[in-house]
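Here is an informal walk through one protein chain. Have the viewer open while you read.

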Amino acid sequence: EQGLAIDFTIATAAVKNAAIAARRGVPIVIGTTGLGSDEEDALHSTAASLPIVYAPNMSIGVNVMFEIIRLAARALGPGFTAAIEEIHHVHKLDRPSGTAKGMAKIVERETGKHGIEVKSIRRDEVVGDHTIQFTGSSENLTISHHAEDRGVFAQGAVTAARWIIGKPAGLYDMSDVLGFRG
């Protein structure tokens with residue numbers, strides 16, 4: 001029976017854990033946020049010999065929101081401006097959150113516009129609220145997600161863990177897990 005690892009630690013530990021998983025031939029699901037380009041490069045290297053699902057947010061709802069943002073940004077184009085607001089608990093280490101950064105990257109990729117405004121708020125014990133507003137000359141489109149409890153991240157990680165078993169080496173994300181990409 002094949003093992004599997006799920007990592008929700010910190011950036012440096014996640015990279016080390018992926019290397020350990022690779023040595024043992026154990027697929028890994030990583031939901032850790034705050035990875036810099038060096039850590040992401042290390043995951044790419046490790047994924048050459050190991051299946052890895054890496055997503056800064058494991059929530060199924062957030063990942064559906066990412067797909068909706070992709071569609072909206074593509075359809076609305078550069079004529080609309082985008083602004084993102086994210087709210088998290090006061091203990092959150094990264095700012096802006098990996099989810100907010102992911103939202104901005106999607107808009108940048110689809111519209112070619114850079115420097116998307118991201119407002120980060122830390123309040124009480126808020127699990128996670130993410131909103132993007134596309135503003136045009138005479139209309140606005142708002143897309144948002146609210147997490148009630150941290151269990152949504154565990155549910156997504158379990159979904160990813162079930163999906164990755166038997167997959168070839170490679171770096172995957174929740175778009176792959178949810179079937180948004182071929």
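What follows goes from the whole chain to its sheets and then to a few residues.

This is a predicted model, where local features need pLDDT of at least 70 and side-chain atom pairs count only at pLDDT 80 or more, while totals for chains, interfaces and linings use all residues. Residues are numbered from 1 along each chain as its sequence is written, and side-chain values use heavy atoms, with hydrogens and water left out.

**The whole chain**

Start with the overall count: the chain has 6 helices and 8 strands. Both kinds of element are DSSP runs numbered from the N terminus, helices being H or I with at least four residues and strands E with at least two. In sequence order they read β-α-β-α-β-α-β-α-β-β-β-α-β-α.

The C-alpha trace spans about 55 × 40 × 30 Å along its principal axes. For 182 residues, a compact globule would have a radius of gyration near 16 Å, and the 17 Å of this chain agrees with that. That radius is taken over C-alpha atoms, and the globule rule is 2.2 Å times the number of residues to the power 0.38. As for burial, 45% of the 182 residues count as buried, meaning under 20% relative accessible area with a 1.4 Å probe, protein chains only. Of the contacts (heavy atoms within 4.5 Å) with a separation of 6 or more, 71% link residues 24 or more positions apart.

**Two open sheets**

Strands count as paired if DSSP finds at least two bridges between them. The angles below are between N-to-C directions and run from 0 to 180 degrees, with axes fitted to C-alpha atoms, for helices over the stretch in contact.

| Strand order | Pairing | Edge strands |
|---|---|---|
| 1-2-3-8 | parallel | strand 1 (5-7), strand 8 (170-172) |
| 5-4-6-7 | mixed | strand 5 (117-122), strand 7 (140-147) |

In the 1-2-3-8 sheet, neighbouring strands are turned by 20° against each other on average, direction ignored. Strand 1 and strand 2 (residues 28-30) run parallel over 3 bridges, and D7 has I30 in strand 2 as its bridge partner. Helix 2 (residues 37-46) packs on this sheet and touches strand 2, strand 3 and strand 8, its direction making about 150° with that of strand 3.

Now the 5-4-6-7 sheet: the twist averages 10° from one strand to the next. Strand 6 (residues 128-135) pairs with strand 7 in the antiparallel sense over 8 bridges; here Q133 has T142 of strand 7 as its bridge partner. Helix 4 (residues 98-111) lies across strand 4 (81-88), strand 5 and strand 6, at about 20° to strand 6.

**A few residues to click on**

Which residues does S59 contact, leaving aside its neighbours within four places in sequence? They are H145, V152 and F153. S59 itself sits in the loop between strand 3 (51-54) and helix 3 (60-76), and S59 is buried, with a relative accessible area of 2%.

Finally, the aromatics. Rings of Phe, Tyr and Trp (its six-membered ring) pair if their centres lie within 6.5 Å; planes under 30 degrees apart count as stacked, over 60 as edge-to-face and the rest as tilted. The count by this rule is 1 aromatic pair. The ring centres of W163 and Y172 are 5.0 Å apart and the planes stand at 80°, so the pair is edge-to-face. Y172 is buried too, with a relative accessible area of 15%.

Definitions and conventions
Buried < 20%, exposed > 50% of the residue type's maximum accessible area, 1.4 Å probe, protein only.
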